[in-house]
Amino acid sequence: MENVMHTPKTDIHFTQKLNHDQTVDFIAANPKVRVYVVGEPGIGKSYLIKELGRRLGLPTAYIDMPNLDLGDIAMPVIDHEAKVTRYYPNARFGLQNGVPVIIMLDEWTKAMTPVKNMTHPMFEVDNPRLGDLPIPEGSYIFLTGNLETDGVGDSMQAHTKQRVTRIELMKPTAEYWIENYAVPNNLCTIVIAWVNQHPHCLASYTDEGQEDNELIYNPTVPQSAVCSPRTLEKVAGIIDNRDKYDADTLLAAMQGTVGNSAAELLGSYIRHQDDLPSYASIINNPTTARIPEDDGAMAVLCFGLLEKVEANTLTQIMEYLGRLPDLEWQCIFCINLARHKVKSQFAFANKAFAAWCAKNQDIL
């Protein structure tokens, strides 16, 4: 009988990624599951604990694992009466009060091996503990790390992988970042407008066709600074404080935060800011206030109006926006206002805004 060599069948499997909201939903629904959240640097993994704290109403403990030594986890104490030693956990874990807590073991995969071993009992389902203290029932524990392809020193042994559920956090798109983070947190409108016009600044190096994108993190290319949700938030604060230093200092700081290419592009948007009509002129004279001609200036204008609009000024702003030559700019303002968690409440009560939404309901 002829021997036949069978080649194993192989399939290409693509990992399903979750956005921030989906990840928070999953962790919140599974307190007994130790979720291991992975993703490339600077995409907001650490922000998850803030969202969980707001969602669940529990105290939080952010633990920066790579900076800890054994003594920072728990210390041996002598029980002279029982003639034994015990381990008392550090107060940073929040276990001393005996109430449920949300613990985030940030960058667990970069911690020293003894530190990993010390925290490993926290992953047990039936008897989670740290030192000699049990984890209070109803607590949430999750850990974070970077993608294996990021090349930043993450490691996890096989027996640990079986104790956690790996969730890959997707890098937020420009649209998601603007709607769910930048606008609600009132980041600099110049940065928001720039990201809106240059959405590839939040692409991922794992996406097809991003090999030459010099704005983003790429582990195969030497880089000193890149664009990410983390660095965009930092540069927004730098730009907001630009009246305190000269133009050379501003440029150097932006280059050192988001890279040379992004800094040059942002510089043009800062110059647009100086060419915009004042907010007062738009509110007081919506039918005659100057309209910018440059697209970059128009983007800064629309996001600036979104930041400043109040219930008593929305009618004037809608009248002004109605004069814009391109419907795209009206859409940028109105769609983001409609999705705003706070301002949308007075927006839909405004007759001018409601009329615009009814007329353009196919694009909302």
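These are my notebook entries on aromatic rings, one charged side chain and one pair of helices in a predicted model.

**Aromatic pairs**

I looked for rings that pair with one another, and the structure holds 4 aromatic pairs. I began with Y205 and Y217, whose ring centres are 5.8 Å apart and whose planes stand at 75°, so I noted the pair as edge-to-face, given that planes over 60 degrees apart count as such. Both residues lie in the loop between α6 (189–197) and α7 (229–240), so their pair ties together parts that are 12 residues apart in sequence. I then checked how accessible they are, and found that both Y205 and Y217 are buried.

Next I turned to F348 and F353, which also form an edge-to-face pair, with 5.4 Å from centre to centre and 80° between the planes. Are these two rings buried or exposed? I found F348 to be partly exposed, at a relative accessible area of 45%, whereas F353 is buried, at 0%.

**A charge over a ring**

I looked up W108 and saw that the charged end of K116 sits over its ring, 5.4 Å from the ring centre.

**Two helices**

Finally I followed helix α1 (residues 20–29) and helix α2 (residues 48–56), whose axes come within 10 Å and cross at roughly 55°. That angle makes α1 oblique to α2, and I recorded the crossing of α1 and α2 as right-handed. Which residues make the contact? On α1 I listed H20, D21, T23, V24, D25, I27 and A28, and on α2 I listed L48, E51, L52, R55 and L56.

Key: Residues numbered from 1 in each chain as written. Predicted model: local features only at pLDDT ≥ 70, side-chain atom pairs only at ≥ 80, totals over all residues. Heavy atoms only, no water. Phe/Tyr/Trp six-rings, centres within 6.5 Å; stacked < 30°, edge-to-face > 60°. Helix = DSSP H or I, 4+ residues; strand = E, 2+ residues; numbered from the N terminus. Buried < 20%, exposed > 50% of the residue type's maximum accessible area, 1.4 Å probe, protein only. Lys NZ or Arg CZ within 6 Å of the ring centre and 35° of its normal. Axes fitted to C-alpha atoms, helices over the stretch in contact; angles between N-to-C directions. Parallel < 35°, antiparallel > 145°, perpendicular 65-115°, else oblique. Left-handed = near helix turned anticlockwise from the far one by under 90°. Contact = heavy atoms within 4.5 Å.
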